[in-house]
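Colleague: Could you walk me through this one? I'm new to reading structures, so plain words please.

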Amino acid sequence: MLKKKMVKALNDQVNAEMFSSYLYLSMEAYFQSISLKGFAAWMRVQVQEELMHGMKFYDFINERGGKVTLEAIAKPESTWASPLAAFEAILKHEEHVTSLINNLVDLAISEKDHASNNFLQWFVGEQVEEEASASEIVEKLKLIKDNPSGLFMVDAELGKRVFTMPVAAA
């Protein structure tokens, strides 16, 4: 059974994950608007991943006897100065999500909630991947600077990404 403080924190994380999905959907629309279909496709995968993350938290709360309480999702930004600026925003956002996950782990430890701590470890690893992926794209975009050919090469590369449901989902 989840303690009240943990239920509140997990519900807050459901909202954070849904906001992430909403933010990436807004970024997908931005990339569609500037005809970077590969970037948009990459974002669509992010949207699906974040929705899945939110649902994992939702299901965990229910499985552990908590009550899911959904709150309003904040409005995301809708324009960025460049693809690089968008990916720098993604990296910053993923670093923020990492801090949220770390805070949840700290709470689970302080509450001696071993089930929640175990559940959260999947997200700890996931955030390492999320930050690394965003950072790699930021570095590529910095390397190509204003080179249109380079931008189109990255666009083609990002367009190859597809969503796959994790097999060992927590």
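Modeller: Sure, and let's start with a term we'll need: a crossing is left-handed if the near helix is turned anticlockwise from the far one by less than a right angle, and right-handed if clockwise. Keep in mind that this is a predicted model.

Colleague: Okay, so in which hand does α2 pass α3?

Modeller: The two helices touch through residues such as Phe 39, Trp 42 and Met 43 of α2, and Pro 83, Phe 87 and Ile 90 of α3, among others. Going by that turning rule, the crossing of α2 over α3 is left-handed.

Colleague: Is α2 roughly parallel or roughly perpendicular to α3?

Modeller: Their axes sit 14 Å apart, and the packing angle is about 15°. Angles under 35 degrees count as roughly parallel. So α2 is, relative to α3, roughly parallel.

Colleague: How far does α2 reach from its first C-alpha to its last?

Modeller: α2 has 27 residues, and at 1.5 Å a residue you'd expect 39 Å. The model comes out close to that expected value, with a reach of 39 Å.

Colleague: Which helix gives the most to the largest nonpolar core?

Modeller: That core has 24 residues, with Phe 31 and Phe 39 among those with the most contacts inside it. α1, α2, α3, α4 and α5 each supply at least two of its residues. With six residues, the top contributor is α1.

Colleague: And how many residues does the second, separate core have?

Modeller: In general, nonpolar side chains in soluble globular proteins tend to be buried together. Here the second core includes Phe 60, Val 68, Leu 104 and Ala 108. Its total is 20 residues.

Notes
Residues numbered from 1 in each chain as written. Predicted model: local features only at pLDDT ≥ 70, side-chain atom pairs only at ≥ 80, totals over all residues. Heavy atoms only, no water. Core = buried A, V, L, I, M, F, W, Y, C linked by side-chain atoms within 4.5 Å. Buried < 20%, exposed > 50% of the residue type's maximum accessible area, 1.4 Å probe, protein only. Helix = DSSP H or I, 4+ residues; strand = E, 2+ residues; numbered from the N terminus. Expected span 1.5 Å × (residues − 1). Axes fitted to C-alpha atoms, helices over the stretch in contact; angles between N-to-C directions. Parallel < 35°, antiparallel > 145°, perpendicular 65-115°, else oblique. Contact = heavy atoms within 4.5 Å.
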